[in-house]
Amino acid sequence: MRLSHSLASATVAVALVLSLPYEAMPHTRVRNEGAAPHLFGAECRTTVHGSHVMAYCHNPYVDVDRVSLHIECDSWWDLDTDTDPVDAGPAMTVRLTGRCWEDVRSVWVSHQRAG
């Protein structure tokens with residue numbers, strides 16, 4: 001007796017789900033309705049024009065975000081730079097700038113809670 005194609009597909013799908021480890025199975029999520037999520041962190045946008053780097057960071061949240069710009073230069077002799085931390089208060093936008101002598105390899109912004 002031959003199984004139909006749809007019954008065979010369903011049997012394979014059930015067998016695959018049953019063979020998953022317990023950790024991979026979906027679990028119901030319990031929400032604590034009394035606690036609101038604590039949001040933090042400024043949104044930063046960086047631009048590179050030649051060897052000059054500029055970042056704008058806007059903080060839409062209540063907590064102060066201390067942001068710092070990090071620039072990795074491409075040439076081995078060109079010094080990488082880190083700006084001094086700047087406090088981005090609630091609803092505040094800050095500008096961070098820096099540069100390499102020649103080409104820029106990578107740029108990122110670090111975040112730290114102030115206080």
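The chain holds one helix and seven strands (helices are DSSP runs of H or I of at least four residues, strands runs of E of at least two, numbered from the N terminus). The model is predicted: local features need pLDDT of at least 70, side-chain atom pairs count only at pLDDT 80 or more, and totals for chains, interfaces and linings use all residues. Residues are numbered from 1 along each chain as its sequence is written, and side-chain values use heavy atoms, with hydrogens and water left out.

**Exercise 1.** Give the order of the elements from the N terminus on.

Solution. The elements run α-β-β-β-β-β-β-β.

**Exercise 2.** Describe the surroundings of Asp 65.

Solution.
1. Asp 65 lies in strand 3.
2. Asp 65 is buried (under 20% relative accessible area, 1.4 Å probe, protein chains only).
3. Asp 65 has no salt bridge (a side-chain nitrogen of Lys or Arg within 4 Å of a carboxyl oxygen of Asp or Glu). The nearest side chain of opposite charge, Arg 66, is 8.0 Å away (Lys and Arg count as positive, Asp and Glu as negative; His and the chain ends are not counted).
4. The side chains of Asp 65 and His 111 are joined by a polar contact of 2.7 Å. Such a contact is a pair of N or O atoms within 3.5 Å; within protein, one must be able to donate a hydrogen and the other to accept it, and residues adjacent in sequence count only if both atoms are side-chain atoms.

**Exercise 3.** Classify Trp 77 as buried, partly exposed or exposed.

Solution.
1. Trp 77 lies in the loop between strand 3 (65–73) and strand 4 (81–82).
2. Its relative accessibility is 43%, so Trp 77 counts as partly exposed (between 20% and 50%).

Key. Contact means heavy atoms within 4.5 Å. Lists of a residue's contacts leave out its neighbours within four places in sequence.
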